[in-house]
Amino acid sequence: MGDLTVRIAGVELRNPFILASGIWGESGVSLAGAWKAGAGAVVTKSIGSVPRPGYPNPTIETYERWGMLNAMGLPNPGIDEYPREIAAAREAGATVIGSVFGGDAQEFATLAERIAGTGVAAVELNLSCPHAEGYGTEVGGTPEAVAEIVRAVVARVSVPVIAKITPNSADPAALAVAAERAGARAVSAINTLRALAIDVTLRRPVLAHGLGGLSGAAIKPVGLACVWQIAARVSIPVIGIGGVRTAEDALEYLMAGASAVQLGTAVAFDGIEVFGRLSAGLSNLLDREGIPSAGAAVGLARGSAGASAR
Ligand SMILES: Cc1cc2nc3c(=O)[nH]c(=O)nc-3n(C[C@H](O)[C@H](O)[C@H](O)COP(=O)(O)O)c2cc1C
């Protein structure tokens, strides 16, 4: 059986399948459920300084064949309430990665310090939500901004910092390079792609907020391209995100240069059982391909003739 353990920024994961932020991670009970179902680690919902109700409904539209459009508006209970949820997940033995979002470097740093104090294994910075005014892409959309935020956070926490970057940029790899130089120990890519759907009968956007973020199968090729380009330019681990629903999808990401993957929309569509299924599936796939371990698959597609990062 192929060995599935991987190391990200010094943290050992029992397998490379991580629960992505925002899906299933609102409460300690749900985080613990994903862990018990076999996730290698779980990322919390992105947490801010104060509670946010999020946008009015409809906030999600699903397209079973190719993914999901959402504009949740970063609903979350706020940093004062959230540590008890992390405690519940950790009591269940889960490896928890705390996700935070802020409006500037100082807010990120304060939140990161608070969440790091709850015993999380790492902190992921949401620099990439495409639809929340004053947050996400709006504050993490340039290399300079990414560098400033990561540097401020790294100065305040001792756990590894993971920068989650946006694909909604002309050069996502430049954001990753900036994060690495500022001290990030890993990069996750990608968050959702800015997107829109129109209801022709109502003559208005389908989501109440209008613009949203696209996730799921439709964005897998975009996620792969970002991982491919980022892995060519950084030496820290890359966590691949976007449209992973099968073991083959995960192996594609590993071969493109990712050291682990996160699952979001797949969990929404297939339930948390997807974690056990994908671990078993990846083990079989590695055996079939004669690859001894998940780690040995990382970057395997990169040596092929003509492979270019640009
Ligand atoms: C409903 C929903 C809520 C999300 N909330 C967050 C969030 O709070 N923080 C974050 O960093 N990403 C958030 N994301 C983005 C996901 O973590 C992930 O990057 C994206 O969905 C692509 O992965 P997928 O195709 O596996 O879903 C959210 C995605 C969805 C669909």
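An oxygen atom of the ligand lies 2.9 Å from an N or O atom in the side chain of Lys45, and this contact is a convenient place to enter the structure, which is a predicted model. A further oxygen contact involves the protein backbone, where a polar atom of Ser21 stands 2.8 Å from an oxygen atom of the ligand. A nitrogen atom of the ligand also takes part, since a polar side-chain atom of Asn126 is found 3.2 Å from it. As for how much of the ligand is covered, its accessible area when taken alone is 610 Å², and the protein buries 96% of that.

Around these contacts, the shell of the ligand comprises 25 residues, of which the closest are Ser21, Ser46, Gly216, Gly243 and Thr265; Ser21 is thus both among the closest residues and the one whose backbone supplies the 2.8 Å contact. By residue class, the shell divides into 10 nonpolar, 13 polar and 2 charged residues. The space that the ligand takes is the largest pocket.

The aromatic rings offer another view of the model, with a count of 2 aromatic pairs. In one of them, Tyr63 and Trp66 are stacked, with 4.3 Å from centre to centre and 10 degrees between the planes; the angle is under 30 degrees, which is why the pair counts as stacked. Tyr63 has a relative accessibility of 21% and therefore counts as partly exposed, because the buried class is reserved for values under 20%. Trp66, at 37% relative accessibility, likewise counts as partly exposed. The rings of Phe101 and Tyr135 have their centres 4.9 Å apart, and because their planes meet at 90 degrees, the pair is edge-to-face.

Terms used. Residues are numbered from 1 along each chain as its sequence is written. This is a predicted model: local features need pLDDT of at least 70, side-chain atom pairs count only at pLDDT 80 or more; totals for chains, interfaces and linings use all residues. Side-chain values use heavy atoms; hydrogens and water are left out. A residue is near a molecule or strand if one of its heavy atoms lies within 4 Å of it. A polar contact is a pair of N or O atoms within 3.5 Å; within protein, one must be able to donate a hydrogen and the other to accept it, and residues adjacent in sequence count only if both atoms are side-chain atoms. Accessible areas come from the Shrake-Rupley method with a 1.4 Å probe; for residues, only the protein chains shown count as cover. On a 1 Å grid over the protein atoms alone, a cavity is a set of points where a 1.4 Å probe fits but cannot get out, and a pocket is an open set with protein on both sides within 12 Å along at least five of seven lines; lining residues have an atom within 4 Å of a point. A molecule sits in a cavity or pocket if more than half of its atoms lie within 2 Å of its grid points. Ala, Val, Leu, Ile, Met, Phe, Trp, Tyr, Cys and Pro count as nonpolar, Asp, Glu, Lys and Arg as charged, and the others, Gly among them, as polar. Rings of Phe, Tyr and Trp (its six-membered ring) pair if their centres lie within 6.5 Å; planes under 30 degrees apart count as stacked, over 60 as edge-to-face and the rest as tilted. Buried means under 20% relative accessible area, exposed over 50%, partly exposed in between (1.4 Å probe, protein chains only).
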